[in-house]
Amino acid sequence: MSIFKEGITVHALNNLSPNTMVEHLGIEFTAIGTDFIEAKMPVDHRTHQPLGLLHGGASVVLAETLGSVAATCCVDMSKQYCVGLEINANHIKSARTGFVTGVAKPIHIGGRTQVWEIKIHNEKAELVCISRITMAVMDKK
């Protein structure tokens, strides 16, 4: 049984991206499982730092995108929304080209907070970055 609300599709998630940083960086949602959401991001001029390596901030954008979207997909969006409280990232390995893929999985899904772990790998399945985001679950007024 999925932790996500019914009707969540990769297509629907990608339709959230126009005119956002997600679109600008080329982030694309690629899979939804029963307990994970996956997206890929190009390692190119949009995501490089001046030395030609994947910018750590771009990795954090991918991680926050995945964690925020995953958290939101777990709540009744007509009544609640999720916002980030804290994010951290450990950059393990550099990347220069190709794509990186991030996978968000829950550590805690509560009524007021959620904690998600996001692992980002390169095309050789090597860990590039590991991140954790804490989300606040807010009631709509």
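# Close-up views of a predicted model

**View 1. Residue A39 of strand 2 and its partner in strand 4.** A39 stands opposite G102, which belongs to strand 4. The model shown here and in the views below is predicted. Strand 2 and strand 4 are joined by 6 bridges and run antiparallel. Strand 2 covers residues 37-42, and strand 4 covers residues 99-109.

**View 2. The hairpin of strand 1 and strand 2.** These two strands form a hairpin in which 4 residues lie between them. Their pairing is antiparallel and extends over 4 bridges. Within this pairing, I32 is placed opposite I37 of strand 2. I37 also belongs to the largest nonpolar core, where I37, V100 and W116 touch the most other members.

**View 3. Strand 4 beside strand 5.** Strand 4 (residues 99-109) and strand 5 (residues 113-121) run antiparallel, joined by 8 bridges. A104 faces a partner in strand 5, namely I118, which stands opposite.

**View 4. The open sheet as a whole.** The pairings of the preceding views belong to an open sheet of 6 strands, arranged in the order 1-2-4-5-6-3 with antiparallel pairing. Strand 1 (28-32) and strand 3 (80-91) occupy the edges; each has a single partner strand, so one side of each lacks a neighbour in the sheet. On average, and with direction ignored, neighbouring strands of this sheet are turned by 25° against each other. Strands of a sheet pair through backbone hydrogen bonds, in either a parallel or an antiparallel manner.

**View 5. The largest nonpolar core.** This core holds 34 residues, of which I37, V100 and W116 touch the most other members. Two or more residues are given to the core by each of helix 2 (21-25), strand 2 (37-42), helix 3 (56-72), strand 4, strand 5 and strand 6. Helix 3 supplies the largest share, namely 8 residues.

**View 6. The salt bridge between D44 and R46.** The structure holds 2 salt bridges. In one of them the side chains of D44 and R46 meet, with an N to O distance of 2.7 Å. D44 is buried, its relative accessible area being 17%; this value falls under the 20% limit for burial. R46 counts as partly exposed, at 31% relative accessibility.

**View 7. The salt bridge between D139 and R112.** The closest N and O atoms of D139 and R112 are 2.9 Å apart in this salt bridge. D139 lies in strand 6, whereas R112 lies in the loop between strand 4 and strand 5, so the pair ties together parts that are 27 residues apart in sequence. D139 is partly exposed, with a relative accessible area of 38%. R112 also counts as partly exposed, at 49% relative accessibility.

**View 8. A nonpolar patch at the surface.** Y81, V83 and M138 make a nonpolar surface patch of about 230 Å². M138 is part of strand 6, which covers residues 127-139. The relative accessible area of M138 is 34%, and this residue is therefore partly exposed. Patches are made of residues with over 30% relative accessible area, a condition to be read alongside the value of 34% for M138.

Note on methods: Residues numbered from 1 in each chain as written. Predicted model: local features only at pLDDT ≥ 70, side-chain atom pairs only at ≥ 80, totals over all residues. Heavy atoms only, no water. Patch = residues over 30% accessible without salt bridge, like charges linked within 9 Å, V, L, I, M, F, W, Y side chains within 5 Å. Areas by Shrake-Rupley, 256 points an atom, 1.4 Å probe, with all protein chains shown as cover. Salt bridge = Lys/Arg side-chain N within 4 Å of Asp/Glu carboxyl O. Buried < 20%, exposed > 50% of the residue type's maximum accessible area, 1.4 Å probe, protein only. Pairing = 2+ DSSP bridges. Axes fitted to C-alpha atoms, helices over the stretch in contact; angles between N-to-C directions. Core = buried A, V, L, I, M, F, W, Y, C linked by side-chain atoms within 4.5 Å.
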